[in-house]
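Got the model open in your viewer? Let's walk through it one selection at a time.

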Protein chains: 4
Amino acid sequence: MTASPDPIQAQLIAARRKQILEAAVKVFAEKGFHQTTIKDIAREAGIAQGTIYNYFENKTALMLGIFDSMNETDRREESFTELASGDVREFMKAYLRHRLTLLRADNFEVFKVVLSEVMVNKELRELFQRNILEPTFAIAETYVQQWAAQHIARSVDLSLTMRAVSGMVLGLIVEYLIGDQVLQTKWDELPDFLTDFILDGLGVK
Amino acid sequence: MTASPDPIQAQLIAARRKQILEAAVKVFAEKGFHQTTIKDIAREAGIAQGTIYNYFENKTALMLGIFDSMNETDRREESFTELASGDVREFMKAYLRHRLTLLRADNFEVFKVVLSEVMVNKELRELFQRNILEPTFAIAETYVQQWAAQHIARSVDLSLTMRAVSGMVLGLIVEYLIGDQVLQTKWDELPDFLTDFILDGLGVK
Amino acid sequence: MTASPDPIQAQLIAARRKQILEAAVKVFAEKGFHQTTIKDIAREAGIAQGTIYNYFENKTALMLGIFDSMNETDRREESFTELASGDVREFMKAYLRHRLTLLRADNFEVFKVVLSEVMVNKELRELFQRNILEPTFAIAETYVQQWAAQHIARSVDLSLTMRAVSGMVLGLIVEYLIGDQVLQTKWDELPDFLTDFILDGLGVK
Amino acid sequence: MTASPDPIQAQLIAARRKQILEAAVKVFAEKGFHQTTIKDIAREAGIAQGTIYNYFENKTALMLGIFDSMNETDRREESFTELASGDVREFMKAYLRHRLTLLRADNFEVFKVVLSEVMVNKELRELFQRNILEPTFAIAETYVQQWAAQHIARSVDLSLTMRAVSGMVLGLIVEYLIGDQVLQTKWDELPDFLTDFILDGLGVK
DNA sequence: TATGAATGAGCATTCATTCAT
DNA sequence: CATGAATGAATGCTCATTCAT
C-alpha cells in the first residue's frame, strides 16, 4: 500500500534492477536497442522474461534506467575535478585521460547504445538533454569559468570552448567506436596529444 | 535477361532510385531507421510498397544506397579543397564553414540516421568504414601532408590531428543534433571560433 | 490517396470483410470473444492472421463489424412491419414468429456473443445503445403508437409496453441460449402462446 | 490433513472466502470477468494474490463461488413466497417488486457478470443450468401449480408461463443494464405496470 | 497461512517481403 | 515494371499460477 519502507526489500529490488540493467547494457551494446529482444536480455540476466516487467515498465524504460546509471556514474566521477590543482597542462591531461582512457572499458559500450538511440528517439533525446547534457555543462561551466580566469590569457567564449573540447572528445569516441584503426592503435597517446593541441593549437607559421 | 544496355532505361532506373532514396532519407530522418516502415517510404515517394523492392533488395539496402549518395556528394564537394589557396586561416575557416554551415541544411538529418544506425549495426559499420571513412581520411591525408609541410611549424602527428579536427566537427554536429541550445544559437560563429581554437589553442598563461 | 473509387476493388474488399466477419461470428459463438484468438478466426476464414488486420483495425473492430451487420440485417427485415395489416392477433403472431423462429438459425449465435460482450464492455455498450437499441425503439415507437390507437382499448404506457414485450422476447432467447430444456423443446409453440399471453393476460379469476 | 473439524477455523475460512468473493464481485462488475486480473481482486480485498489461491482453485472457481452465493441468497429470499397470501394482484406485485426493485442495488451488478460469462462459457453455463435455473424453476413449478389452480381461469401451459414471466423480468433487467434510458427512469413503475400487463394483457379491442 | 516475486505460456499486433494480376 | 493484398515470422507484453520464505 505505502511505499515499501523495508530496507532489505529495497536492496533486493535495487540488486535485481542492477542485474537486469547490466544484462541489458551488454546485449544492447552487442546488437543495438532494436535488434535486442526482451528474451535476449532475460537470457543474459538468467531470469524469465516476465520478471523484467516486474522491474521496468517496458523496453524503453530499460533505456531510461541506463541513463540514470550513467548519471550516477558521472556524478561519482565528477570528483576528479578536484584535480584542478595547479598545473594547467597536467590538469588537462588528467581530464582527457579520465574521459578517454579510464572510461573506455565499460562505458564506451553503453555510450554506443545510448547515443545511437538518442539521436533517433525524440523522447529519449529530450530526457538525455535535460538529465545528462544540460546538468553536465551547467556544473562544468561554473568550474571552467574560475579555471579560465586563472589560466587563459585571451578572452574566449567559454560555452563554445567547452563544447569544442567535449565535442572533440565525443567525436573521437565515435570515430573509435565506428572502428577507426588509427585511433584504436594510438588511443593511449591521445591525452598527451590532445593536451598540446588544445592548449597550443597547431601553431601555424 | 542481359544487363540492360539501354541508356534511357538506365536513366529511368537511376531517377526512380533517387526518388526512393530521397523519400527514405526524409522519413528516416524524421522517425529513425527502425521506426520507419517500407509503407512510410512508399507513401512519401508516392509509389507502391512493392515497387521499392524492384530497386532495392531490402530495407538495409536503402541504407547502403544512402551511403553511396553521401559518398558521391562528398566527392563532388571535395572540390572545395581547391580553396587551399594561400592563407592558412582563410582556408581553415572555409573548410569549417563548408562542413558546418553549408552542409547543415539537408545533410545533418541524413547524418543523424546514418550515424545512429552505423553505431549499432556491424555490417553497416564495416561498409561505412571501408567506403566512407577510410577513403575520406586517405585522400585527406596526402593533401594535408603538403599543407602541413608549408604551414605548420612544429612537427605533429598528422593522422591524429586530422582525427582530432574531424572528430571535433563530428562531435559538435552530434551535440547540435541532440539539441544543445547554445550550439544551435551560436552555430554560425563556429567557423571563426574554431579556426582560432585550432590554430592558436587556448593560449594558457 | 483518395478513397478508392474502383467498384470492383470495393466489392472485393466487402467480400473479404464479410468472409472474415462470418468466420469471427462462428468462432466467437463457439468460444466467446475473449477465448477466441485472431489465429482461430484466421484459420476459420482460411486466411493468414495478418490479413485480418488489413480489414479490421483490431479485435474489437471485429465486434463493431458484427454490430454493423446486425444493423443491416435488422433494417432489411424491418419490412415485416408491413404485416401490420388487419388482425391484431395475426400481427402479433407474425411479429413473434419472426423474432423468435425465423431469426433463430443464424442470429441467436451472434446474439449470444454480442450480448455477452455488451454487458461487460462499456465502449461496446454505448455503441450498441446508440446504434442498435435506440434506433430500433424509436422506429418501433411511432409505429406502435398508431397500432395501439386502433387496437388497444385501455390506455397504456406504450414505451413500457414495448420494453415489456421486447424484454420478454429477449429474456426468452437468453433462457433458450443458456440451455433451458423446456424452451428448447417447446420453442415453436411460443408465437401462439405468447400472443395469447400478451393480448389476454393470465386471466385471473 | 483431515477435514478441519475446528469450527473456529471453519468460520475464519468462510469469512476470508466471503471477503474475497465480495471483492471479486465488485471488480468483476466494474470491469468484467476477463478484464479483471487476480491482482485487481487481491488489491480490492486488501490481501496478496497468492492468498486467493488458498481459498479458490483458480479464477473460474471465483465465478463458481459467486454462483453459490447467488444460490444462497435466492434460497433465503425465496421465503417471500409466503406472501402467497390471498390477493393475486398483490402477490404478483410483491413478486415483481422483489425481483425488480429490492434486488436491484447489489445483485444486478453480479447478474451482469454472471450472465455475460454464462452465455459464453460452456462449463459455467451447465453449472448455472444445473445449480440455479433448474432448481429455481422446479421449486417454483410445484408452487405455481397450486397457485394457478386457485386463481387462473383458463388452462395454460404453466412451464411456458413461468418462463414467459421470468423471461420478461430477465429481459427487462438486461435492457436496464445495457443502459436503456426509459427503463432507468421508470423502473419503479414496473411492478404495478407489469402486474396489470401480466394479469390482464393488452386488452385489444 | 500469507506473501509477492518469479515464471513462461499465450496473444494481439506489426511489418518486411512476396507474387499474382 | 507497378501494384498492393496476402503472408506469417517475430516480438513486446500480460497475467494466471506457483512456491520459497
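Two chains count as being in contact here when heavy atoms lie within 4.5 Å. Keep in mind that this is a predicted model.

**Stop 1: pairs of chains that stay apart**

Select chain B and chain D. These two do not touch, and their nearest C-alpha atoms are 30 Å apart. Now swap to chain A and chain C: no contact joins them either, with the closest C-alpha atoms 21 Å apart.

**Stop 2: chain C against chain D**

Next, show chain C and chain D together. Here 62 residues of chain C are in contact with 61 residues of chain D. About 5,600 Å² is buried between them, and carbon and sulfur atoms give 66% of that area. Which three residues of chain C supply more of the area it buries against chain D than any other three? Pick out Met119(C), Ile178(C) and Leu202(C), which together supply 14%.

Colour by charge for a moment. The rule finds four salt bridges across the interface of chain C and chain D. To see a salt bridge up close, zoom in on Lys186(D) and Asp157(C), where the closest N and O atoms are 2.7 Å apart. Switch on polar contacts too: 17 residue pairs turn up across this interface, counting those with both residues at pLDDT 80 or more.

Now hide chain D and look at the side of chain C that touches it. Helices giving at least two residues each include α5 (88–102), α6 (104–118) and α7 (122–151) of chain C. Select α8(C) next, since you'll want the helix with the largest share, 16 residues. By class, this side of chain C has 32 nonpolar, 15 polar and 15 charged residues.

**Stop 3: DNA strand F**

Bring DNA strand F into view with its 30 surrounding residues; Arg16(B), Arg16(C), Thr51(C), Tyr55(C) and Ile38(D) come nearest. Of the strand F atoms that come within 4 Å of the protein, sugar and phosphate account for 71%.

Three spots are worth a click:

- Ile38(D): a backbone N or O atom sits 2.8 Å from a phosphate oxygen of strand F.
- Gly50(B): a backbone N or O atom is 3.2 Å from a base nitrogen of strand F.
- Gln49(D): a polar side-chain atom lies 3.3 Å from a base oxygen of strand F.

To see where the surface near strand F comes from, highlight α3 (49–55) in chains A, B, C and D, plus α1 (7–31) of chain B; each of these gives two or more residues. Finally, colour that surface by class: it has eleven nonpolar, 15 polar and four charged residues.

Terms used:
Residues numbered from 1 in each chain as written. Chains lettered and ligands numbered in written order. Predicted model: local features only at pLDDT ≥ 70, side-chain atom pairs only at ≥ 80, totals over all residues. Heavy atoms only, no water. Near = heavy atom within 4 Å. Polar contact = N/O pair within 3.5 Å; in protein donor to acceptor, adjacent residues only side chain to side chain. Helix = DSSP H or I, 4+ residues; strand = E, 2+ residues; numbered from the N terminus. Nonpolar A, V, L, I, M, F, W, Y, C, P; charged D, E, K, R; others polar. Buried area = accessible area lost by both parts, 1.4 Å probe. Salt bridge = Lys/Arg side-chain N within 4 Å of Asp/Glu carboxyl O.
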